[in-house]
Amino acid sequence: MPARHRTAAVSLAALTLFASGCGTESGASAPAEPQMAGPATVLPDLIVKPDPELYATLPETVRAAGTVRVATDVPYPPFEMYAEEGSTRITGIDYDLGQAIGARLGVTFHFEAQKFDGILPAVQAGKFDAVMSAMTDKKARQKSVDFVDYLNAGPGWLVRKGNPEKIAVVTDVCGKPVGVQTGTNHQKLLRQRQELCKAKGLPPIEILAFSKDSEAQLALRSGKVIADYLDEVTAAYVASTADGGRSFSTVTGREAVGEYSASPMGIGVSKDHPGLKEAVQAALQSLMDDGSYRKILTKYQVPGIGITEATVNGALD
């Protein structure tokens, strides 16, 4: 190639490279704006539409992610459980309600399994943004998360079919082994019941704590414990569904379970996302007001544990 042609070719290449560089510099596309998610089918007869005004109140980091990371302890039916044996797909009251809240906010509530006693530390470490795990709103727990209160239920006993130990009052378990899930409010309540045993001159309750309530149920089946102390709703669900309702019974009522506060269950929200609890509270209240919340509770046959107002940090103790 003649020298002048080579020179022209080099100049053209340089010009092209320069123009290309300028185009990249000045025409760089801006990051895409977060997009609000569309309507979601939570139940066959329940489609929840997003509210643009609520979406706008979410923290920018949540809108950018499009997801709220939710920790839950599985299984604890009917609040959280796997869809079928061997499946990792989560379902239950908390899951369905979480999907409805997320849909109203225009984002996804993504649930992941986490052991109950490790949930709050995991939220504080930034692994999760929220907790939905039938967790009682307690003032001590409010140091770790803020609660949006959403349900109210008391404790109950799960016993072998027919209540062979004849548990009628709480002191009937004094001196006997009972199961409970570690890190729960029920474990704390059982420790308080020891004073009732002491006052009657009875031996203390032998409290056996398990990392999952399903393990406490296995201990009950095997005779290692005479009863499992848990949420009355879960006790009723397990009693009616396990082995077709042939294995367990429940014992409820304050005389049998002992006194307890009316502190509600709460959705624990990370303190690292200012504005998130307010958005969750507003979304939950809208679901209460339009009947969606009740539809979800009715699906699991527990409309009686519903409340009418989504309060924040309403613990009584």
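## The enclosed cavity

In this predicted model, the structure holds 1 cavity of 30 Å³ or more, and the volume of the largest cavity comes to about 250 Å³. Its lining is made up of 23 residues, among which Ala134, Thr136, Asn185, His186 and Asp231 are the closest to the centre of the cavity.

Helix α6, which spans residues 185-199, gives the most to the lining of this largest cavity, its share being 3 residues. By residue class, the lining of the largest cavity divides into 9 nonpolar, 9 polar and 5 charged residues.

## The largest pocket

Turning to the open sites, the largest pocket contains about 470 Å³ of space and is lined by 15 residues, with Pro75, Pro77, Met81, Ser214 and Gln217 lying nearest its centre. At least two lining residues come from each of three elements, namely β4 (81-82), α7 (213-222) and α8 (232-241), and it is α7 that gives the most to this lining, with 4 residues.

The residues that line the largest pocket comprise 8 nonpolar, 4 polar and 3 charged ones.

## The second largest pocket

About 150 Å³ of space lies in the second largest pocket, whose lining consists of Lys138, Ala140, Arg141, Gly183, Thr184, Asn185, Gln187, Lys188 and Arg191. In this lining, 1 residue is nonpolar, while 4 are polar and 4 are charged.

Asn185 appears in the lining of the second largest pocket, and Asn185 is also listed among the residues closest to the centre of the largest cavity.

Definitions and conventions:
Residues are numbered from 1 along each chain as its sequence is written. This is a predicted model: local features need pLDDT of at least 70, side-chain atom pairs count only at pLDDT 80 or more; totals for chains, interfaces and linings use all residues. Side-chain values use heavy atoms; hydrogens and water are left out. On a 1 Å grid over the protein atoms alone, a cavity is a set of points where a 1.4 Å probe fits but cannot get out, and a pocket is an open set with protein on both sides within 12 Å along at least five of seven lines; lining residues have an atom within 4 Å of a point. Grid points are joined across faces, edges and corners, and a volume is the space filled by probe spheres set on the points. Ala, Val, Leu, Ile, Met, Phe, Trp, Tyr, Cys and Pro count as nonpolar, Asp, Glu, Lys and Arg as charged, and the others, Gly among them, as polar.
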